[in-house]
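Please open the model in your viewer and keep the selection panel at hand. The tour goes from stop to stop, saying what to select and what is found there.

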Amino acid sequence: VPPTISQHEMDHLLMADSGVVETLLQRIEKADDGVDSLNVAASLGVDHQVIVGAVKSLQALGDIISADLRSSKHWELTVEGSEIAEQGSHEARVFSSIPLEGLAQSELMKLSFGKIGFSKAMSNKWIRVDKTQEGGPRIFRAVENIEDQVREKLLQVQKGNFSQLDEKEKNELKKRKLLSEVTVKSYWITKGSSFSTTITKQETELTPEMIATGSWKEKKFKPYNFEAMGVAPDCGHLHPLMKVRTQFRQIFLEMGFTEMPTNNFIESSFWNFDSLFQPQQHPARDQHDTFFLSDPALAHEFPQDYLERVKKVHSEGGFGSQGYKYDWKIEEAQKNILRTHTTAVSARMLYKLAQQKFTPVKYFSIDRVFRNETLDATHLAEFHQIEGVVADYGLTLGDLMGILHQFFTKLGITKLRFKPAYNPYTEPSMEVFSYHEGLKKWVEVGNSGVFRPEMLLPMGLPEDVSVIAWGLSLERPTMIKYGINNIRELVGHKVNLQMVYDGPICRLDS
Amino acid sequence: MPTVGIKRDLLFKALGRTYTDEEFDELCFEFGLELDEITSEKEIVSREQGDTKASDASDVILYKIDVPANRYDLLCLEGLVRGLQVFKNKLEAPRYRRISPVNGDPQKLIITKETAAVRPFAVAAVLRNITFTQERYDSFIELQEKLHQNICRKRSLVAIGTHDLDTISGPFTYTAKPPGDISFKPLNQTKEYTATELMSLYKTDSHLRHYLHIIEDKPVYPIIYDSNGIVLSMPPIINGDHSKITLQTKNVFIECTATDLTKAKIVLDMMVTMFSEYCSQPFTVEEAEVPLLASHTLSSLFYVESTEKIAQLLTRMCLLSRATGVGDEIEVEIPPTRSDVIHACDIMEDAAIAYGFNNITRTTPRAYTVANQFPLNKLTELLRQDLAAAGFTEALNFALCSEEDIADKLGKKISETRAAHISNPKTAEFQVARTTLLPGLLKTIAANRKMPLPLKLFEVSDVVLKDETKDVGARNSRRFCAVYYNKSPGFEVIHGLLDRTMQLLEVKSARGEGYHIQAADDSTFFPGRCAEIIVRGKTVGRLGVLHPDVINRFELTMPCSAMEIDIEPFL
């Protein structure tokens, strides 16, 4: 916001002090390297505050002048010192009071300056005392002429010629309380970038009238203060996690991946676990890890022949597998849960794909998953899983690593390496690590693998079709991107709305 | 993922060389392990129980290593060293052999039919002429504990008992009896207890009390006797004191009782293969069932020059292999330690690990595919942008909440909602899936009361409703909800947002084919300040000024108006 000077102030400046302001500007123009406000005040015979006022008014108009505040030490006569400068020193006045015939000491002491003047004049040997006279001691001149140096010195100081006096003399006069040292603040004034000796009234803003009449051409406009902040716009905001989700969607779409319908939070254990060849006694299917439903507790419809094949591959093996060899129960598969991963949807999609003539597909999804886990600063009971799946003839591990490289490059991550890992439904499985330049170490950024034949073949996919997949959480990259340490500040009702208001746009690769 | 703590110096001694922490970390990474932490017993005790308790603890350096959940053969020093040494070509993969006793018949374990009611399976084996040291003994105990915690599912699936064979005599009987009829001196106790007494004795035992529930409610408890009636163990709770293992033990009898036979075999194999190393005839075990797998034809997951090369790679992973010369067929011998190998793909993974994942050339799938957005998500994305442009700020709330949030606090009965209920929530926050977005937005406002007014929030997200027409009996419904919170209710603001939304969705303000609102009664809203939103003749949602009771229950102080609609009809 530009500094505002009221119309009243402007009028005051122009009318009351315009003489001073203009004279000041003329002085500045003539001076080579600037003028001191004190000197100007002294030479114009006005109070220093008047010049200070003129300086401030000119500063408010922009860069007409530039004024630097400086302070200087300065000697000034005391009241007694001024009296001496005017009438002479006490000792000189004593000398001149004494007629040729002398003066009784008692008479001299009656004068106001008598006492101090007498002793000084005595030590200067200007006078003598004759104590033999009748009627008491009498004072006589001892010399014909005197030079009143004290007065001379004080007159020099009064004229501002401090340099005529040496330090010793100044200190002596100070000791006699005739001089005092004062600090004076003044401005050193030089020409500003838009110096001019004439000032006109400045407009604050362009108005419709000025545009209509063309008067803006003659007007001067008050400069803006570009240091100040603007007025915040009235606006709505998108949530940071959703902004990152939009970017991940964009990346998948750029890579030709089709979005899966993941709008089914409630899933049967069958699609969430059994179809993925995750055995029924696997710890992930425990009450401690998964949310089970009491209502609706069970799922009822399954593709019956597919279910039989899943049962067989678990309990007896088949499709080149020994299976897990346990008593597979439909009752376990029926149990409804809150899905623990979006791979349940991938399983449904791959099953659907297997029911048609096979064509290669690329699928992705980003949606909520649920874990009945212990909560802490980085773990919630629900989070968003990002998942990519590619199904084609003869896909290799090299293809998986190649596509992960392309995917992560779009996130600005180019240094990747892969660690062997174990996932129940992929074989081989690889954890994806990227080199974190800030932490100077490799950090896990995702998990990946090739879906097991025991998952794909019962669905009815051709034997030579491989399916590669990878996943990561949406929250973790978002927390890193936006520098959030506690996940509750990002997700859920405890969100810090100020953080949402202040959030930048999301470009993952920069 | 299980973590194994191994003394660093013992590990290096067994590996025959020392490593820097970085070098060892690198080796782990290549092999599929993770060096999780470098610590000491002292540090662990000090962290968990304070410095004073730690003063007596050992400060020998421990490596905490994360082992993949299916690799039970890497859960002890012996197995880990064996795997790494073979991987580094420093050791040939051992070939485990099943042998018969030098003299006499094999040991027998007779299972009686009573066990069917509680724990029906058992397998057993003998390790002959083993030499224990303190370290080997500790590792032996530690491995049992790791197996119990992992594959044995806290002893519920399998329980291991180990005994000094020279203190007992076979044949052994595995049976089940009522707890009152069982009496013996349990491990590290001085007198006999009945099983009933033991169960109450161990109620307060910090370790054993976790296993009591496995048999507690059964009419009979599992029990193993020798031919003289000496109790070996009462699985899965405790062994007898009589047959306990000591450093002097030469012959070890190992039994595994189980509710899952396959797992019992795996566990027994693991115990005997790991410690057969210390037998006078290394890698031999007496009368155990050791399964051997047939050969597999390998599908090509990555390019390797020749089948011979693959066979070499596999041999480095303890899978003795040879190319048969028939096509690309390789014959692979699966040792009993590798219960995780159930398909050719498991073998290929090991070949890939031995080759080095990071040595595989990266390629790109060639399939040409056209991307499609899921229409509901596309609509959601577009709508969200314009709702933010309309001055509302997006919130993001949990899909799970308490029953109170969606019922009592909104002035409704839980039975009126079509909520899906969770059977095992750890806290009230996870009792139900939300049926409306409104409570989440009101809680967001409550948590942000310090922010300047007005607060204008929205969310476009899924709720869950029971729906019998779906296979799982429930479905998601995509909703748009918005709230306005200020010193005045601002019904007109929310109404204006509805009008703008309809404009964005190309629905005109009109009865019939357009949209209109009409007064409705709803206990969430202030009487006379609620309307139904009707689009093309169907109700899609409501808007209005919230009831003061609702405002109070969400710990708010200002008037508030809100709207919520189903957006799926606009697809």
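Begin by selecting E24(B) and E25(B), two strands that run antiparallel and are joined by five bridges; strands here, like helices, are DSSP runs numbered from the N terminus, with at least two residues for a strand (E) and at least four for a helix (H or I), and two strands count as paired if DSSP finds at least two bridges between them. This is a predicted model, in which local features need pLDDT of at least 70 and side-chain atom pairs count only at pLDDT 80 or more, while totals for chains, interfaces and linings use all residues. Residues are numbered from 1 along each chain as its sequence is written, chains are lettered from A and ligands numbered from 1 in the order in which they are written, and side-chain values use heavy atoms, with hydrogens and water left out.

Stay with this pair and show B:Gln518, whose bridge partner in E25(B) is B:Glu532. The link from E24(B) to E25(B) is a hairpin of five residues.

Next, add strand E26 (residues 538-546) of chain B, which pairs with strand E25 (residues 525-535) of chain B in the antiparallel sense over seven bridges. Within this pairing B:Cys530 has B:Gly544 as its bridge partner in E26(B), and B:Glu532, already met opposite B:Gln518, has B:Arg542 as its bridge partner in E26(B). At the turn, the hairpin of E25(B) and E26(B) has two residues between the strands, and B:Arg536 takes a positive phi near 45° there.

Now widen the selection to the whole sheet, an open one of seven strands in chain B with mixed pairing, in the order E18-E22-E23-E27-E26-E25-E24. Strand E18 (393-394) and strand E24 (515-519) of chain B are at the edges, and because each has a single partner strand, one side of each is left without a neighbour in the sheet. Select helix H11 (residues 375-389) of chain B as well: this helix packs on the sheet, touching E18, E22 and strand E23 (474-485) of chain B, and its direction makes about 160° with that of E22(B). Contact means heavy atoms within 4.5 Å, and such angles run from 0 to 180 degrees between the N-to-C directions of axes, which are lines fitted to C-alpha atoms, for helices over the stretch in contact.

Elsewhere in chain B, select strand E8 (residues 172-177), which runs parallel to strand E5 (residues 109-111) of chain B and is joined to that strand by three bridges; B:Ile111 stands opposite B:Tyr174 in E8(B). E8(B) also runs antiparallel to strand E11 (residues 221-225) of chain B, with five bridges between them, and B:Ala176 stands opposite B:Pro222 in E11(B).

For the next stop, centre on B:Lys443, which lies in helix H13 (residues 438-446) of chain B. Which residues does B:Lys443 touch, not counting those up to four places away in sequence? They are A:His493, B:Asp405 and B:Phe554. B:Phe554 is 111 residues apart from B:Lys443 in sequence, yet the two are 6.5 Å apart in space, C-alpha to C-alpha.

Select now both sides of the contact between the chains, which takes 91 residues from chain B and 103 residues from chain A. Together chain B and chain A bury about 8,200 Å², 56% of it on carbon and sulfur atoms; buried area is the accessible area (1.4 Å probe) that two parts lose on being put together, summed over both. B:Phe29, B:Ile342 and B:Leu396 supply 9% of the area that chain B buries against chain A, more than any other three residues.

There are eight salt bridges between chain B and chain A, a salt bridge being a side-chain nitrogen of Lys or Arg within 4 Å of a carboxyl oxygen of Asp or Glu. To see a salt bridge, show the side chains of A:Arg417 and B:Glu26, which meet at 3.2 Å, N to O. Strand E22 (residues 455-466) of chain B gives the most to the side of chain B that touches chain A, with eight residues.

Finally, select strand E11 (residues 293-295) of chain A with strand E20 (residues 421-422) of chain B, which pair in the antiparallel sense over two bridges; A:Leu293 stands opposite B:Ile422 in E20(B).
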